[in-house]
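Here is a short note for a colleague who is meeting this structure for the first time. Have a look at the model, then follow the numbered points at your own pace.

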Amino acid sequence: MAAAPPSYCFVAFPPCSKDGLVVFGKNSARPRDEVQEVVYFAAAAHDPGSKVECTYIEIEQVPKTHAVVLSRPSWLWGAEMGANEHGVCVANEAVVTREPASESEALLGMDLVRLGLERGATAKEALDVIVALLEEYGQGGNYYEDGSSCHTFQSAFLIVDRNEAWILETSGKYWAAEKITEGVKCICNQLSLTTKIDAEHPELRNYVRSQGWWNGDSDFNFSEVFSLADDHLACCSGRESLEKQGGDVSAQAMIDVLRDKDSGVCVDSESFLTTASIVSVLPQDPSFPCVHYFTGTPDPSRSIFKPFIFVDDVKLVPKVQSPSFGNDDPAKKIPRFQEKPDRRHELYKAHEWARSLLENDQDKGQKLMRIMLDLEKQGLEAMDDILTRTEVLDPAEVVDLFYDCVDTELKFFK
């Protein structure tokens with residue numbers, strides 16, 4: 001059975017986080033050569049009876065979908081992580097359970113990330129959307145763009161809004177969830193729910209009893225019941241780093257944790273690489289905007305986090321979008337993945353050059369990195385100003401925000 005990629009997701013609530021902010025972060029560990037793009041989809045109305053084509057299957061569309069910004073492997077429909085216009089953030093983790101994951105094409109966990117964001121205006125609504133779709137359509141299919149082997153996993157999710165978070169862990173169509181409203185939480189590629197379960201599939205306990213996995217007499221511990229052997233041990237070294245901040249977890253603190261290779265949170269191994277990262281800052285006061293920072297490039301220790309704020313008519317950023325191959329895409333043809341097209345976007349290509357410079361010319365590489373980190377710092381300070389000022393944000397001030405940050409980064413690379 002394939003090992004799940006070692007991604008990490010975090011959320012920090014007051015009193016651990018700063019100034020009444022909820023801070024969310026995720027590193028997406030995926031196959032080393034996979035490209036992630038950052039894409040925005042505006043809110044939309046849909047005709048009755050219309051369908052939506054997900055990565056592998058078509059499902060019923062809803063009358064209205066929310067605006068979303070997503071970081072996603074560029075060959076699929078869904079997303080590893082993202083946010084919507086209502087301040088909901090969702091991230092996905094691939095997990096292995098004692099229930100074999102299905103190779104039959106259904107919804108991917110990454111499809112469920114996007115569907116939850118498009119259809120849920122709160123964290124709880126997104127949770128309800130995901131579990132209803134799981135019940136109706138199931139989860140399954142290849143998690144990787146690989147024609148030689150089918151890599152299948154179950155899914156875990158961290159679903160966050162300004163007021164609460166839900167950890168949702170699944171096995172097949174069965175699931176359990178825990179509600180979080182304070183402190184620091186982390187999930188990774190292992191099950192983490194134990195006996196504190198705030199919502200669950202109505203047949204969950206009957207099902208595991210029928211399988212002989214739980215006798216019904218002892219406390220019901222989700223991880224112990226569904227994990228293989230001792231695979232449910234605590235996996236999150238990054239959580240201690242955040243807890244040590246002592247009430248000061250900020251966007252910068254979350255970025256520092258995501259960049260930490262020594263702890264294993266920033267993955268750079270023979271098989272896997274942190275191919276993209278996100279940090280979101282969600283003020284509990286709804287009069288302030290949420291700010292979402294994306295890298296759009298691999299290895300956060302060598303990337304910069306660029307801010308995005310939802311406003312009407314936000315400017316699209318083609319330079320972080322991969323080329324589209326339409327119906328000729330090998331991911332859409334049956335049999336799938338017989339070829340691997342070049343999915344690199346403009347920022348990814350420029351970043352490859354910068355990584356090469358860092359590896360081959362240390363002096364020039366370090367100088368470039370200092371310039372890039374200074375650019376990132378300016379962005380963080382400008383966003384701090386927006387989140388602390390008393391006057392209402394003028395949308396015109398940020399409509400080009402992400403576009404301009406990507407453009408500036410590219411100019412430095414050139």
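1. **Surface.** Let us begin on the outside. The accessible surface of the protein comes to about 17100 Å², and carbon and sulfur atoms hold 46% of that area. Please keep in mind while reading that this is a predicted model.

2. **Overall size.** How does the radius of gyration agree with that of a compact globule? For 414 residues the globule value would be near 22 Å, and the protein has 20 Å, so the two agree. If you turn the C-alpha trace along its principal axes, it spans about 60 × 50 × 50 Å.

3. **Inside the protein.** Buried residues account for 58% of the 414 residues. Looking at contacts with a separation of 6 or more, 69% are between residues 24 or more positions apart. The secondary structure consists of nine helices and 18 strands.

4. **An open sheet.** A good feature to find next is an open sheet of six strands, with the order S14-S1-S2-S16-S17-S18 and antiparallel pairing. Strand S14 (184–187) and S18 are at the edges, and each has a single partner strand, so one side of each is left without a neighbour in the sheet. From one strand to the next, the twist averages 15°. As a reminder, strands of a sheet pair through backbone hydrogen bonds, either parallel or antiparallel.

5. **The S1 and S2 pair.** Strand S1 (residues 8–12) is joined to S2 by five bridges, in the antiparallel sense. To place this pair on your screen, start from Tyr8, whose bridge partner in S2 is Asn27.

6. **Strand S17 and its two neighbours.** On one side, strand S16 (residues 272–283) and S17 run antiparallel and are joined by four bridges; here Ile278 stands opposite Phe294 of S17. S17 also pairs with strand S18 (residues 306–308), again in the antiparallel sense, over three bridges. In that pairing, His292 has Phe308 of S18 opposite.

7. **Side chains of S17.** Which residues of strand S17 (residues 291–294) point one way, and which the other way? Val291 and Tyr293 point one way, while His292 and Phe294 point the other way. This fits a general pattern: in a regular strand the side chains alternate between the two faces of the sheet. In S17, all four of these residues are buried.

8. **Helix H1.** Is helix H1 (residues 109–119) mostly covered or mostly open? The helix is mostly covered, with 11 of its 11 residues buried. The buried residues include the charged-letter names you may spot in the sequence, among them Asp111, Arg114, Glu118 and Arg119. Met110, Leu112, Val113, Leu115 and Leu117 are also among the buried residues of H1, as are Gly109 and Gly116.

9. **Glu34.** This residue sits in the loop between strand S2 (21–31) and strand S3 (36–41). Why does Glu34 count as buried? Its relative accessibility is 5%, and the cut-off for buried is under 20%. The side chain of Glu34 makes a polar contact with the side chain of Trp75, at 2.9 Å. Leaving aside neighbours within four places in sequence, Glu34 is in contact with Pro73, Trp75, Thr275 and Tyr348.

10. **Two cis peptide bonds.** Pro14 and Pro15 are joined by a cis peptide bond, with omega about 10°. Pro15 belongs to the loop between S1 and S2. Another cis bond runs from Ile334 to Pro335, with omega near -5°. Pro335 is in the loop between S18 and helix H7 (346–360).

11. **Two residues with positive phi.** Asp299 has phi near 60°, a positive value in a residue other than glycine, and lies in the loop between S17 and S18. Asp313 has phi near 60° too, and is found in the loop between S18 and H7. Are these residues buried or exposed? Asp299 counts as buried, because its relative accessibility is 3%. Asp313 counts as exposed, because its relative accessibility is 71%.

Notes. Residues are numbered from 1 along each chain as its sequence is written. This is a predicted model: local features need pLDDT of at least 70, side-chain atom pairs count only at pLDDT 80 or more; totals for chains, interfaces and linings use all residues. Side-chain values use heavy atoms; hydrogens and water are left out. Buried means under 20% relative accessible area, exposed over 50%, partly exposed in between (1.4 Å probe, protein chains only). Two strands pair if DSSP finds at least two bridges between them. A polar contact is a pair of N or O atoms within 3.5 Å; within protein, one must be able to donate a hydrogen and the other to accept it, and residues adjacent in sequence count only if both atoms are side-chain atoms. Contact means heavy atoms within 4.5 Å. Axes are lines fitted to C-alpha atoms, for helices over the stretch in contact, and angles run from 0 to 180 degrees between N-to-C directions. The radius of gyration is taken over C-alpha atoms; the globule rule is 2.2 Å times the number of residues to the power 0.38. Accessible areas come from the Shrake-Rupley method with a 1.4 Å probe; for residues, only the protein chains shown count as cover.
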